[in-house]
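Here are my notes, as promised, from a pass through the model. They are in the order in which I'd click through the structure, so keep the viewer open.

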Amino acid sequence: MKNIAVIGAGTMGNGIAHTFAQFDYKVNLIDLSETSLEKGMATVTKNLDRMVAKEKISEADKTRTLGNISTFTKLEEGVKGANLIVEAATENLDLKLKIFRDLDKFCPAETILASNTSSISITQIASATSRPEKVIGMHFMNPVPIMKLVEIIKGYSTSEETFKTVKELSKKLSKVPVEVNDYPGFVANRILMPMINEAVETLYNGVAGVKEIDTVMMLGMAHPMGPLALADFIGLDVCLSILNVMYDGFKNPKYAPCPLLVNMVMAGKLGAKSGEGFYDYSQNRKAETISSQFKK
């Protein structure tokens with residue numbers, strides 16, 4: 001298991017590629033957009049430079065890691081010879097189903113197909129293939145090179161052999177794999193997203209301001225980041241998508257997204273990646289300046 005293909009060069013995809021490459025796996029990073037690939041590789045390089053500056057790795061380690069990554073814009077070419085595919089495309093069911101149908105055609109029968117989905121059913125994704133026993137969830141946390149957790153999600157038909165292989169592989173990346181069953185939101189987001197949604201509701205209802213809500217959770221509950229700042233970091237569109245998946249899956253009103261969150265996403269206020277969410281990132285990439293919309 002030395003050849004890995006990662007689909008999607010965005011935040012999660014380039015982080016996953018970086019991590020595998022740093023541990024000397026040969027990685028094919030695939031994205032339909034050449035621009036996205038360039039941005040993804042620029043991010044990997046910047047993150048490696050930061051690690052060199054902190055003396056966590058050497059310049060030689062950086063060079064070796066970058067040398068382990070090849071980029072492709074064509075799926076069929078990029079997945080050729082891969083032992084494991086990790087899909088990290090946009091959190092969209094139809095897109096993921098199409099990707100897995102194509103992977104089923106392009107990859108040998110023994111190739112393991114993993115999804116980094118944060119909430120979509122692995123069982124449903126596996127149904128698009130003729131090898132559901134080889135389909136599994138590998139939910140990495142952001143930022144991937146730093147965060148230790150990997151949720152390993154077993155679909156209804158995922159084989160024990162596939163699970164054990166992916167679990168051991170995760171350990172080789174110095175990650176901590178945790179077995180999770182296939183229900184909407186898995187564990188991390190089933191607990192995290194209602195908290196974020198409740199923080200948005202608290203703001204929406206005028207109980208307290210942005211900074212006050214985040215301060216209470218950081219100082220009172222020892223969270224390293226407040227829930228509204230974390231939502232901006234994750235992406236408000238991603239938060240909304242996950243909440244919708246859970247709401248549709250459980251039909252429980254406690255997962256219904258707050259109207260304020262819905263409106264912000266419709267207005268294009270997606271958090272750090274768009275330059276504004278609950279905080280304004282136009283001058284500073286840190287969650288320090290409250291968005292003018294929420295200033296008292």
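1. Start with Gly 249, which is partly exposed, with a relative accessible area of 45%. Bear in mind throughout that this is a predicted model. Gly 249 belongs to helix H11. Pick Tyr 183 as well: the two C-alpha atoms are 8.1 Å apart in space, although 66 residues separate Gly 249 from Tyr 183 in sequence.

2. Staying with H11, look at the second largest pocket. Which helix gives the most to its lining? That's H11 (residues 236–250), with four residues. The lining has 15 residues in total, and Leu 93, Ile 120, Gln 124, Val 245 and Asp 248 are the ones nearest the centre. By type, the lining splits into six nonpolar, six polar and three charged residues. The volume of this pocket comes out at about 230 Å³.

3. Two residues with positive phi are worth a look, neither of them a glycine. Lys 251 has phi near 55° and is not a glycine; you'll find Lys 251 in the loop between H11 and H12. Lys 251 is exposed, at 65% relative accessible area. Ser 174 is the other, with a positive phi of about 60° despite not being a glycine. Ser 174 sits in the loop that links helix H7 (160–172) and E8, and is partly exposed, with a relative accessible area of 36%.

4. Next, helix H10 (residues 227–234). Its buried residues are Pro 227, Leu 228, Ala 229, Ala 231 and Asp 232. What do they pack against? The partners are helix H8 (188–204), helix H9 (210–221), H11 and E9. Just after H10 comes Gly 235, with a positive phi near 110°.

5. Asp 232 turns up again around Gly 277. Is Gly 277 buried or exposed? It is buried, with a relative accessible area of 1%, and a value under 20% is what counts as buried here. Gly 277 is placed in the loop between helix H12 (259–266) and strand E9 (279–280). Leaving aside residues up to four places away in sequence, Gly 277 touches Asp 232, Leu 236, Met 264, Lys 269, Gly 271, Ser 291 and Phe 294. For a sense of distance, Gly 277 and Val 86 are 29 Å apart, C-alpha to C-alpha, and 191 residues apart in sequence.

6. Now the sheet. It is open, has eight strands with mixed pairing, and runs E3-E2-E1-E4-E5-E6-E7-E8. Why do E3 (69–72) and E8 (176–181) each have one side without a neighbour in the sheet? Both stand at the edges and have a single partner strand, so one side of each is left free of a sheet neighbour. From one strand to the next, the twist averages 25°.

7. Strand E1 (residues 3–7) has parallel partners in both E2 and E4. Five bridges join E1 to E2, running parallel, and Asn 3 has Lys 26 as its bridge partner in E2. Four bridges join E1 to E4 (residues 84–87), also parallel; there, Ala 5 is partnered by Ile 85. As for E2, four of its five residues are buried, so the rest of the structure largely encloses it.

8. Carry on from E4 to E5 (residues 112–115). These two strands run parallel and are joined by four bridges, with Leu 84 opposite Ile 112 in E5. In a regular strand, side chains alternate between the two faces of the sheet. E5 shows this nicely: Ile 112 and Ala 114 point one way, Leu 113 and Ser 115 the other way, and all are buried.

9. Two last items to click on. Helix H1 (residues 11–22) lies across E1, strand E2 (26–30), E3, E4 and strand E6 (135–140), and runs at about 170° to E2. After E6, check the backbone at Pro 143, which is in the loop between E6 and strand E7 (149–154). The peptide bond from Asn 142 to Pro 143 is cis, with omega near 0°.

Technical notes
Residues numbered from 1 in each chain as written. Predicted model: local features only at pLDDT ≥ 70, side-chain atom pairs only at ≥ 80, totals over all residues. Heavy atoms only, no water. Pairing = 2+ DSSP bridges. Axes fitted to C-alpha atoms, helices over the stretch in contact; angles between N-to-C directions. Contact = heavy atoms within 4.5 Å. Buried < 20%, exposed > 50% of the residue type's maximum accessible area, 1.4 Å probe, protein only. 1 Å grid on protein atoms, 1.4 Å probe; cavity = no way out; pocket = protein on both sides within 12 Å on 5 of 7 lines; lining within 4 Å. Points joined across faces, edges and corners; volume = space filled by probe spheres on them. Nonpolar A, V, L, I, M, F, W, Y, C, P; charged D, E, K, R; others polar.
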